[in-house]
Amino acid sequence: MRIDIISCVPNLLDSFFAHSILKRAQQGGFVEVVIHDIRDYAVNKHRTIDDYAFGGGAGMVLQVEPIARCIRALTSERSYDEVIYLTPDGEQMQQKMVNQLSLLGNIIMLCGHYKGVDQRVRDMFVTKEVSIGDYVLSGGELAAAVLSDAIIRLLPGVLNDETSALTDSFQDNLLAPPVYTRPADFEGNKVPEILLSGHEAKIEDWRHEQSLLRTKSRRPDLLQ
Ligand code: SAM
């Protein structure tokens with residue numbers, strides 16, 4: 001998979017992709033993440049990428065030309081399955097959506113800033129709009145990082161234990177059961193006996209039961 005992220009603050013993303021699972025995923029060749037600075041596609045030598053909104057009002061708007069030039073440069077080199085704009089008024093990100101996106105080959109993610117991008121970018125180039133929640137961030141970089149992370153960890157081979165991602169919350173519409181590690185007794189708080197029994201089938205049953213209990217109490221909507 002290849003993910004191209006278009007941003008006007010590309011440095012915000014550098015560190016995020018340079019550590020842990022996301023770093024290993026790139027080093028292992030499971031994903032290529034390429035970050036593009038919108039300013040490199042500006043139409044004037046001052047590298048201007050934003051302007052006042054027509055009609056007035058507070059806040060700058062990212063202009064259509066630099067973003068169009070960037071997207072066209074990318075699409076002239078390869079085809080993309082989706083051009084995703086991260087935006088609070090987009091479709092709310094869910095695990096099911098992430099599962100589907102993880103099956104794609106090439107994705108562009110566009111990060112807005114200020115008041116957002118000129119509507120013509122959305123009309124002409126964007127194929128999918130995604131929100132990471134009902135709140136407003138300063139820019140789309142964190143949202144693109146969240147979406148990329150959720151996708152990349154699902155790519156076959158990225159997690160050490162292939163089944164690990166499948167037992168996380170929201171797969172099968174259930175929340176994950178509690179997990180424990182050593183010591184088995186911390187200041188009198190003991191790990192449930194069943195987890196120390198070595199009886200795999202019973203442990204599986206216990207985990208499923210705990211998943212159901214947790215989902216019923218915290219997210220009953222998932223069981224509808
Ligand atoms: N004026 C926009 C509105 O009210 O919908 C908000 C713009 S926001 C300050 C700047 C950028 O941050 C957006 O263009 C988008 O890329 C990103 N952003 C903010 N909140 C987001 C969210 N919940 N999900 C995805 N992207 C978000």
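Helices and strands are taken here as DSSP runs, with at least four residues for a helix and at least two for a strand, numbered from the N terminus. With that in hand, the tour of this predicted model can begin.

By this assignment, the protein has seven helices and nine strands. Its chain counts 224 residues, and 41% of them are classed as buried. Along the principal axes, the C-alpha atoms fill a box of roughly 70 × 40 × 35 Å. Among contacts with a separation of 6 or more, 74% come from residues 24 or more positions apart in the protein. The exposed area of the protein is about 13,300 Å², of which 50% is supplied by carbon and sulfur atoms.

Charge is the next topic. The protein carries 31 negative and 23 positive side chains. The centres of these two sets lie 2 Å apart. On the surface, E200, E204, D205 and E209 form a negative patch. One of these residues, D205, sits in helix α7, which covers residues 200-218. The relative accessible area of D205 is 53%, and because the cut-off for exposed is over 50%, D205 counts as exposed.

The backbone also offers some details worth a look in the viewer, and the loop between α6 (141-152) and β8 (185-186) is a good place to start. This loop holds P183. The peptide bond leading from R182 into P183 is cis, and its omega is near 5°. F170 lies in the loop between α6 and β8 as well. Although F170 is a residue other than glycine, its phi is positive, near 80°. The relative accessibility of F170 is 37%, so F170 falls in the partly exposed class, between the limits of 20% and 50%.

A positive phi is also found at Y114, with a value of about 50°, and Y114 is not a glycine either. Y114 is placed in the loop that runs between β6 (106-111) and α5 (119-124). With a relative accessibility of 42%, Y114 is partly exposed, because this value lies between the 20% and 50% limits.

Taken together, the local features can be followed from loop to helix. Y114 belongs to the loop between β6 and α5, F170 and P183 to the loop between α6 and β8, and D205 to helix α7.

Definitions and conventions
Residues numbered from 1 in each chain as written. Heavy atoms only, no water. Patch = residues over 30% accessible without salt bridge, like charges linked within 9 Å, V, L, I, M, F, W, Y side chains within 5 Å. Areas by Shrake-Rupley, 256 points an atom, 1.4 Å probe, with all protein chains shown as cover. Salt bridge = Lys/Arg side-chain N within 4 Å of Asp/Glu carboxyl O. Lys, Arg positive; Asp, Glu negative; His and termini not counted. Charge placed at Lys NZ, Arg CZ, Asp CG, Glu CD. Buried < 20%, exposed > 50% of the residue type's maximum accessible area, 1.4 Å probe, protein only. Contact = heavy atoms within 4.5 Å.
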